Each structure stands twice: as C-alpha cells, then as structure tokens.
Amino acid sequence: MKIHGHYLVMKKSHKSFLIHENSVKTLNTIRSLYAAGKTNKQVDDHLINNGFALNLDSGNTHEHVSNVVSGGALQDLKNDMNSLHEKLNEQEKFNRLLLEKMVEQNERIESQQKYIDEKLTKRDELLLKSMREILEVKKINSPVQQQEQQEKKKWYYFWFK
C-alpha cells in the first residue's frame, strides 16, 4: 500500500483502507508480480508500461478527489519535467554569466571612478598650489607697489608735505 498506493483508488478509514472496485485488478497484478519475485522498481515499471492508471490524491481532507493518469501520460509528464529541468539549467548558466558580466562592469566602473577621483584631487592640489604662489607674489609685490605709488605722487604733494 505504501509503495504502490498511487496506483490504487483508496481511502483510509481509521485503521483500515477502503479500496475502490476498479483498483482490485491493479492490486491482484501487484501481488502476482511480487509472487513472481519482481522488485519494487520492476513492479513500478510493469505498471507504467502496461497502462495502469496512476491516481494522484489532491490532499484535501474534506473530499477525496483522484485524477487518473495513464502510463503514456506519465511518460509525457516525465519528458516535460526533463525538458523543464534542462531549460532551468540553461537559465542558471545564463544567470551566472550575467552575474559575472555585472561584476566585471562594477569593477570597471569602480576603477574609472578611482581614476577620476585621483585626477580631480591632483587638479585641486595644483590649483591650490598656483593660488598660493599668486598670493605670495602679491604679498611680495605689495610693498614694491606701495613705494611706486608713493613715488608717483603728484608734484604738488611733494611741496605740501
């Protein structure tokens, strides 16, 4: 029941199972295969390949709903799952590549920003240096200019001191 219960339409009632009359043939087939010395995997393969219905329980405790899936449909579902798995792997590869490119771009942007910051700092230092030099020249020239201005005084200042 635990191993091949998904091939049977049944309902648990307290400590016993109620098996639908359509599942009796499936139960007899399972017993005969085990009597013939087959393993769990071989019994499952036989049930799938011979078109026994697979019953999927909805899991709802209030009502019992079973969806019947034939062996061919089960194989189709497996094929679909495999193709989805392959697509998922491709998507993961794409995501990894995209992430690597994003990391490379971030590193490039950081290096460019570092270069820009260094150049701006250097430019600011040069600008401050030149401004200091200009101020020093003005300080040096300031007394000289004052003397020149005094020398350029008009001629009547000379007489009216």
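## Helix H2 and its two sides

In this predicted model, helix H2, which spans residues 40–49, holds three buried residues, namely Val43, Leu47 and Ile48. Seen down the axis of H2, these buried residues fall within an arc of 130°, so they line one face of the helix. On the other side of H2, by contrast, Lys41 and Asn49 are exposed.

## The chain as a whole

The secondary structure of the chain consists of four helices and four strands, and, read along the sequence, these elements follow the pattern β-β-α-α-β-β-α-α. Helix H2 is therefore one part of a longer series, in which helices and strands are numbered from the N terminus.

The chain has 161 residues, of which buried residues make up 12%. Its accessible surface comes to about 14,400 Å², and carbon and sulfur atoms account for 55% of that area. When the contacts with a separation of 6 or more are considered, 35% of them are between residues 24 or more positions apart.

## A nonpolar patch on the surface

Phe94, Leu98 and Met102 together make a nonpolar surface patch of about 300 Å². One of these residues, Phe94, lies in helix H3, which covers residues 71–151. Phe94 has a relative accessibility of 48%, and it therefore counts as partly exposed, because that class lies between the buried limit of 20% and the exposed limit of 50%.

## A single salt bridge

Side chains of opposite charge can pair when their charged atoms come close. In this chain the count of salt bridges comes to one, and it is formed where the side chains of Arg123 and Asp124 meet, with a distance of 2.8 Å from N to O. Asp124, with a relative accessible area of 33%, is partly exposed.

## How far the model can be trusted

The mean pLDDT of the chain is 78, and 64% of its residues reach 70 or more. Among the elements of the chain, confidence is highest in H3, at 89, and lowest in strand E4 (residues 66–69), where the mean is 48. Over residues 60–67 the pLDDT is below 50, and this stretch has 13 contacts in the model beyond near neighbours in sequence.

Where pLDDT is low, the predicted coordinates should not be read in detail. Which residues have a pLDDT below 50? They are residues 60–67, so the caution about reading coordinates in detail applies to that stretch.

How values were computed: Residues are numbered from 1 along each chain as its sequence is written. This is a predicted model: local features need pLDDT of at least 70, side-chain atom pairs count only at pLDDT 80 or more; totals for chains, interfaces and linings use all residues. Side-chain values use heavy atoms; hydrogens and water are left out. Buried means under 20% relative accessible area, exposed over 50%, partly exposed in between (1.4 Å probe, protein chains only). Helices (H or I, at least four residues) and strands (E, at least two) are DSSP runs, numbered from the N terminus. The arc is that of the directions from the helix axis to the C-beta atoms. Contact means heavy atoms within 4.5 Å. Accessible areas come from the Shrake-Rupley method with a 1.4 Å probe; for residues, only the protein chains shown count as cover. Patches are made of residues with over 30% relative accessible area and no salt bridge: like charges are joined within 9 Å, nonpolar side chains (Val, Leu, Ile, Met, Phe, Trp, Tyr) within 5 Å. A salt bridge is a side-chain nitrogen of Lys or Arg within 4 Å of a carboxyl oxygen of Asp or Glu. pLDDT is the predictor's confidence in each residue, from 0 to 100.
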